[in-house]
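Hi everyone, thanks for making the time. Let me put the structure up on the screen, and then we can walk through it together.

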Amino acid sequence: MSNLYWLSEEQMARLRPYFPKSHGVPRVDDRRVLNGIIFINRNGLRWCDAPKEYGPAKTLYNRWKRWSDMGVFARIMT
């Protein structure tokens with residue numbers, strides 16, 4: 001039994017319109033990264049402590065920072 005956090009496809013479909021579109025090079029799966037960001041925040045972990053299933057810690061942090069600066073999470077919460 002895994003204790004990793006995964007959004008369902010239905011939940012992700014509701015959130016997808018809030019994320020910026022990819023330009024140029026395809027980016028790492030938004031669902032995997034968002035799950036990692038949620039897992040880190042829920043458990044109060046450092047980025048470097050993220051389970052490898054969510055991808056590289058640097059990717060998680062960079063996406064969290066970029067999306068936070070763009071107001072993505074604020075729009076989701078409203």
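Let's begin in the middle. This is a predicted model, and its largest nonpolar core is made of 17 residues. Within that core, the residues with the most contacts are Phe19, Leu34, Ile37, Leu60 and Trp67. Which elements give two or more residues to it? They are α1, covering 9-15, then α2, α3, and α4, covering 72-77. Of these, α2 gives the most, namely five residues.

Now let's step back to the whole chain. You can count four helices and zero strands, so reading from the N terminus the order is simply α-α-α-α. The radius of gyration is 12 Å, close to the 12 Å that the globule rule gives for 78 residues, so the chain is as compact as a globular protein of that length. If you like boxes, the C-alpha atoms fill one of roughly 30 × 25 × 25 Å along the principal axes. As for burial, 31% of the 78 residues count as buried. And for those of you who think in contact maps: take the contacts with a separation of 6 or more, and 52% of them join residues 24 or more positions apart.

Next, please rotate to the pair α2 and α3. Helix α2 spans residues 30-43, and helix α3 spans residues 57-70. How do their axes meet? They come within 9 Å and cross at roughly 90 degrees, which makes α2 roughly perpendicular to α3. On the α2 side, the contact is made by Asp30, Val33, Gly36, Ile37 and Asn41. On the α3 side, Thr59, Leu60, Arg63, Trp64 and Trp67 take part. Sorted by class, that contact has five nonpolar, three polar and two charged residues.

I'd like to zoom in on two residues of α3. Let's take Leu60, which sits in helix α3. Is Leu60 buried or exposed? With a relative accessibility of 0%, below the 20% cut-off, Leu60 counts as buried. Setting aside neighbours within four places in sequence, Leu60 touches Val33, Gly36 and Ile37, and its list of contacts also includes Trp47, Ala50, Tyr54 and Gly55. Leu60 was also named among the residues with the most contacts inside the core. For a distance to keep in mind, Leu60 and Trp6 are 54 residues apart in sequence, and their C-alpha atoms are 15 Å apart in space.

Then there is Arg63, also a residue of helix α3. Is this arginine, Arg63, buried or exposed? Its relative accessibility is 4%, so Arg63 counts as buried. Which residues does Arg63 contact, leaving aside neighbours within four places in sequence? The partners are Arg27, Val28, Asp30, Val33 and Ile37. From Arg63 to Met12, the separation is 51 residues in sequence and 16 Å in space, C-alpha to C-alpha.

To tie this back together: Leu60 and Arg63 both belong to the contact of α2 with α3, and that is the crossing at roughly 90 degrees we looked at a moment ago. That's my tour, and I'm happy to take questions.

How values were computed: Residues numbered from 1 in each chain as written. Predicted model: local features only at pLDDT ≥ 70, side-chain atom pairs only at ≥ 80, totals over all residues. Heavy atoms only, no water. Buried < 20%, exposed > 50% of the residue type's maximum accessible area, 1.4 Å probe, protein only. Contact = heavy atoms within 4.5 Å. Axes fitted to C-alpha atoms, helices over the stretch in contact; angles between N-to-C directions. Parallel < 35°, antiparallel > 145°, perpendicular 65-115°, else oblique. Nonpolar A, V, L, I, M, F, W, Y, C, P; charged D, E, K, R; others polar. Core = buried A, V, L, I, M, F, W, Y, C linked by side-chain atoms within 4.5 Å. Rg over C-alpha atoms; globule rule 2.2 N^0.38 Å.
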